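Trainee: I would like a close look at a single part of this protein, set against the rest of the chain. Please keep to what can be read from the coordinates.

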Amino acid sequence: KFISADGKTAWLCYSSNFTNNYAGTNWLPNPPGSSYRMCLQEVKLLGSDDKLPDTPLGSKKNIAPFAQITVSSVHPDYQLLGLTDGAVEGYPGNIMREWASNGEKNTAMVRLTWNEHQTISRVWLFDRPNDLDQINSGLLVFSDGTTLKTGQLPDDAKKGLEISFEPKTTEWLVFIINDVKRSSLNIGLSEMAVFTP
């Protein structure tokens, strides 16, 4: 029941002994979404003629999954790692695949920090997929002291907002939410991606 008829797609069911920040560690789950609980991961078996889908979030140039994440708050029903797990999902679907703040609106912020300096040239921001919460504007702040204003994010998360800029070297970046849709209750992001040139 966990394998497709052609035998190329299956579901891996497991529980991993993974705890982030245990005893001062900063490990990232691999594959993303793994945790100390029952996990389901879809697996696709590729033949020699098959190619991996070329999606921006799955690109090796997306270094967001390798950053340490700090946020202003997390809603108790959600988890932080959904912010950079490579999946644009969330409420009313799988709430573990997005970050939602705990009642914040235009005060929420996200910080991604890497262990060493990174050269980056693009940031993608995906809004939460529900029709209540929406980011109208924000500000990117980089460790080199530069800033970039961002516009409104597409409300249904089917598209992301891409912010491109001349390559810059930074150790961390912060996204500060400045303005939100009036109906927003727990502002957040379905996904945040950061790309090297």
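How many helices and how many strands does the chain have? After that, please concentrate on strand 6 (135-142). Which strands pair with strand 6, and how many of the residues of strand 6 are buried?

Mentor: This is a predicted model. The chain has 0 helices and 9 strands, so the order of elements from the N terminus is simply β-β-β-β-β-β-β-β-β. Of the 197 residues in the chain, 40% are buried. The chain exposes about 11,100 Å², and carbon and sulfur atoms supply 53% of that area. If you take the contacts between residues at least 6 apart in sequence, 73% of them join residues at least 24 apart.

Now to strand 6. Of its 8 residues, 6 are buried, so strand 6 is largely enclosed by the rest of the structure. One of its pairing partners is strand 8 (residues 161-180); strand 6 and strand 8 run antiparallel and are joined by 7 bridges. Two residue pairs let you find this pairing on the model. Gly138 has Ile177 of strand 8 as its bridge partner, and Val141 has Val174.

Strand 6 also pairs with strand 7 (residues 147-150), again in the antiparallel sense, over 4 bridges. Here Leu140 has Leu148 of strand 7 as its bridge partner. Strand 6 and strand 7 form a hairpin, with 4 residues between them. In the turn of that hairpin, Gly145 has a positive phi of about 95°.

Strand 8 pairs with strand 5 too, in the antiparallel sense and over 12 bridges. Within that pairing, Gln118 stands opposite Thr170 of strand 8. Strand 8 therefore has pairings with both strand 5 and strand 6, since two strands count as paired when there are at least two bridges between them.

Next, the approach to strand 6. Gln134 sits in the loop between strand 5 (109-127) and strand 6. Is Gln134 buried or exposed? Its relative accessibility is 8%, and because the cut-off for buried is under 20%, Gln134 counts as buried. Leaving out residues up to four places away in sequence, Gln134 touches Asp127, Gln152, Leu153, Pro154, Asp155, Val180, Lys181, Ser184 and Ile187.

Two other loop residues can be read in the same manner. Asn62 lies in the loop between strand 2 (38-44) and strand 3 (68-71). With a relative accessible area of 3%, Asn62 is buried. A polar atom of the Asn62 side chain lies 3.1 Å from the backbone nitrogen of Val194. The contacts of Asn62, not counting neighbours within four places in sequence, are Pro56, Leu57, Ala193, Val194 and Phe195.

Tyr78 belongs to the loop between strand 3 and strand 4 (99-100). Tyr78 is buried as well, at a relative accessible area of 14%. What does the side chain of Tyr78 meet at 3.0 Å? The side chain of Arg128 does so, in a polar contact. Beyond the residues up to four places away in sequence, Tyr78 touches Tyr91, Ile95, Met96, Glu98, Ala100 and Arg128. Tyr78 and Ala100 are 22 residues apart in sequence, and their C-alpha atoms are 6.5 Å apart.

To return to your request: strand 6 pairs with strand 8 over 7 bridges and with strand 7 over 4 bridges, and 6 of its 8 residues are buried.

Definitions and conventions. Residues numbered from 1 in each chain as written. Predicted model: local features only at pLDDT ≥ 70, side-chain atom pairs only at ≥ 80, totals over all residues. Heavy atoms only, no water. Buried < 20%, exposed > 50% of the residue type's maximum accessible area, 1.4 Å probe, protein only. Contact = heavy atoms within 4.5 Å. Areas by Shrake-Rupley, 256 points an atom, 1.4 Å probe, with all protein chains shown as cover. Polar contact = N/O pair within 3.5 Å; in protein donor to acceptor, adjacent residues only side chain to side chain.
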